[in-house]
Amino acid sequence: MAQRLTFRRRLPYNTQSNRRRISKTPGGRLVFLYQKKQGTVPSCGDCHTKLQGIKAMRPKELMRVCKRQKTVTRAYGGSRCGRCVRERIVRAFLIEEQKIVARVVKANKKQ
């Protein structure tokens with residue numbers, strides 16, 4: 001007959017925070033090992049793709065690790081992907097160019 005297992009914690013329900021797996025101890029007993037929740041990879045705020053170069057971590061873990069592991073050394077580092085940053089820069093540049101062209105056209109009309 002199979003050995004019965006009892007919970008090691010007081011939570012008796014099969015919830016997300018109460019996930020567990022069965023493990024055999026060196027003494028031959030079967031016990032529950034509680035599994036931690038998986039972290040999520042941060043996603044880009046514009047296009048919602050997963051950011052590269054940043055590991056999936058839980059908030060508590062993120063608190064513990066250094067800044068280098070939470071971001072990418074670039075403008076908008078751990079918040080936007082490279083493609084979206086490039087788009088922002090190009091858009092800003094083109095808007096400035098448009099303003100300059102409008103100023104030149106206005107100056108030519110006056111002459």
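This is a short walk through a predicted model, with suggestions on what to select at each stop.

**The whole chain**

Start zoomed out, with the cartoon on. The protein shows three helices and two strands, and if you follow the chain from its start you meet them in the order β-β-α-α-α. Now show the C-alpha atoms alone and turn the model along its principal axes: they fill a box of roughly 100 × 25 × 20 Å. The radius of gyration is 27 Å, whereas a compact globule of 111 residues would come out near 13 Å.

Switch on the surface for a moment. The protein exposes about 9900 Å², and 53% of that area is supplied by carbon and sulfur atoms. Buried residues account for 13% of the 111 residues. As for contacts between residues at least 6 apart in sequence, 30% of them join residues at least 24 apart. The next stops include examples of chain parts that meet across the sequence.

**The hairpin**

Select residues 20-24 for strand 1 and residues 30-34 for strand 2. These two strands run antiparallel and are joined by five bridges. Together they make a hairpin with five residues between them. Click on Gly 28 in the turn, where phi is positive, at about 95°. Then step into the strands and pick Ile 22, which stands opposite Phe 32 of strand 2.

**Around Phe 32**

Stay on Phe 32 and show its side chain. Is this residue buried or exposed? Phe 32 counts as buried because its relative accessibility is 12%, and the cut-off for buried is under 20%.

Next, add Phe 7 to the selection. The structure holds one aromatic pair, and here it is: Phe 7 and Phe 32 are stacked, with 5.6 Å from centre to centre and 20° between the planes. The two partners come from distant parts of the chain, 25 residues apart, with Phe 7 in the segment before strand 1 and Phe 32 in strand 2. Phe 7 has a relative accessibility of 32%, so this ring's residue counts as partly exposed.

Now bring in Arg 20. Arg 20 lies over the face of Phe 32, at 5.2 Å from the ring centre.

**Leu 30**

Move along strand 2 to Leu 30. Leu 30 is partly exposed, at 27% relative accessibility. Which residues does Leu 30 touch, leaving aside its neighbours within four places in sequence? The contacts are Gln 3, Leu 5, Ile 22, Ser 23 and Lys 24. For a distance to draw in the viewer, try the C-alpha atoms of Leu 30 and Ala 2: they are separated by 9.7 Å, with their positions 28 residues apart along the chain.

**His 48**

Leave the hairpin and follow the chain into the loop between strand 2 and helix 1 (59-64), where you will find His 48. Phi here is near 60°, a positive value in a residue other than glycine. That is worth a pause, because most residues other than glycine have a negative phi. His 48 is exposed, with a relative accessible area of 61%.

**Cys 81**

Jump to the loop between helix 2 and helix 3 and select Cys 81. Cys 81 is buried, at a relative accessible area of 12%. What is in contact with Cys 81 once its neighbours within four places in sequence are set aside? The list reads Cys 44, Cys 47, Thr 49, Leu 51 and Arg 74. Draw a line from Cys 81 to Cys 47: the C-alpha atoms are 8.2 Å apart in space, and the two residues are 34 apart in sequence.

**Tyr 76 and Arg 88**

For the last stop, select Tyr 76, in the loop between helix 2 (67-70) and helix 3 (82-110). Tyr 76 has a positive phi near 60° and is a residue other than glycine. Tyr 76 is partly exposed, with a relative accessible area of 44%. Show the side chain of Arg 88 as well: its charged end sits over the ring of Tyr 76, 4.7 Å from the ring's centre.

Terms used
Residues numbered from 1 in each chain as written. Predicted model: local features only at pLDDT ≥ 70, side-chain atom pairs only at ≥ 80, totals over all residues. Heavy atoms only, no water. Phe/Tyr/Trp six-rings, centres within 6.5 Å; stacked < 30°, edge-to-face > 60°. Helix = DSSP H or I, 4+ residues; strand = E, 2+ residues; numbered from the N terminus. Buried < 20%, exposed > 50% of the residue type's maximum accessible area, 1.4 Å probe, protein only. Lys NZ or Arg CZ within 6 Å of the ring centre and 35° of its normal. Pairing = 2+ DSSP bridges. Rg over C-alpha atoms; globule rule 2.2 N^0.38 Å. Contact = heavy atoms within 4.5 Å. Areas by Shrake-Rupley, 256 points an atom, 1.4 Å probe, with all protein chains shown as cover.
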